[in-house]
Amino acid sequence: MTWGLLTNLWRLSRGLREEVVPHLEHLGLAPTDPWLLAEIERHHYPTEAVRAMQMPAPTISQMLKRLEQAGLVVRSLDPADLRRYRFELTEAGRAALEESRQHILKALERRLERLSPQQRRHFAEWLEILAREETPAHKE
């Protein structure tokens, strides 16, 4: 059962990705760009994006460089600490994030329509529980 569960999670993730990639490419985005744009919208600092996305810092740095060249983010020195850079979304970046979110949400919604309202609530609750970081008290 466990392997089947992992297989189905992978198939769901892959199916969503395959469905939305053409839309993201049309926007000039790579598959992980919407997630990085969302993190920059919330946190502004690359180190926080690295932590939230659990990706290597050089990868995030290269992604930000590409998004900056595309005019989706702008880099500036942090006024409180001139050794630190902060990023903000441009108007084009906000528009790209919103449009990509809509495509991703529609793709997921089409799949969630297969569930009853009660099943959807349970699925959301269970997924939240499973996705949580394990705390020492929960480890055996």
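Student: Where does S100 sit in this model?

Tutor: S100 is in helix α5, which covers residues 91-112. Keep in mind that the model is predicted.

Student: Why is S100 called buried?

Tutor: Buried means under 20% relative accessible area. S100 comes out at 0%, so it counts as buried. Leaving out residues up to four places away in sequence, S100 touches L24, L27, L29 and P34.

Student: What does the side chain of S100 reach?

Tutor: That would be the backbone oxygen of L97, at 2.9 Å. A polar contact needs its N or O atoms within 3.5 Å, so that distance fits.

Student: What makes E19 and R111 a salt bridge?

Tutor: The cut-off is 4 Å between a side-chain nitrogen of Lys or Arg and a carboxyl oxygen of Asp or Glu. For E19 and R111 the N to O distance is 2.8 Å, so the pair qualifies. E19 lies in helix α1 and R111 in helix α5, so this salt bridge ties together parts that are 92 residues apart in sequence. There's a network here too: E19, R110 and R111 are linked by salt bridges.

Student: Is R111 buried or exposed?

Tutor: R111 has 19% relative accessibility, and the limit for buried is under 20%, so R111 counts as buried. E19 has 23%, so it counts as partly exposed.

Student: How do you know that E18 and R14 form a salt bridge?

Tutor: Their closest N and O atoms are 3.7 Å apart, and the limit is 4 Å, so they pass. Both lie in helix α1, four residues apart, about one turn of the helix. E18 is exposed, because its 54% is over the 50% mark. R14, at 34%, counts as partly exposed.

Student: Why are β1 and β2 counted as paired strands?

Tutor: Pairing takes at least two bridges, and six join β1 (residues 73-78) to β2 (residues 81-89), so they count as paired. The two strands run antiparallel and form a hairpin with two residues between them. As one example, V74 has E88 as its bridge partner in β2.

Student: Why is R86 called buried?

Tutor: R86, which is in strand β2, has a relative accessible area of 17%; buried means under 20%, so the label fits. The side chain of R86 makes polar contacts with the side chains of Y45, at 3.5 Å, and E88, at 3.2 Å.

Student: What makes R83 exposed?

Tutor: Its relative accessible area is 75%, and exposed means over 50%, so R83 qualifies. R83 also forms a salt bridge with D81, with the closest N and O atoms 3.0 Å apart.

Key. Residues are numbered from 1 along each chain as its sequence is written. This is a predicted model: local features need pLDDT of at least 70, side-chain atom pairs count only at pLDDT 80 or more; totals for chains, interfaces and linings use all residues. Side-chain values use heavy atoms; hydrogens and water are left out. Buried means under 20% relative accessible area, exposed over 50%, partly exposed in between (1.4 Å probe, protein chains only). A polar contact is a pair of N or O atoms within 3.5 Å; within protein, one must be able to donate a hydrogen and the other to accept it, and residues adjacent in sequence count only if both atoms are side-chain atoms. Contact means heavy atoms within 4.5 Å.
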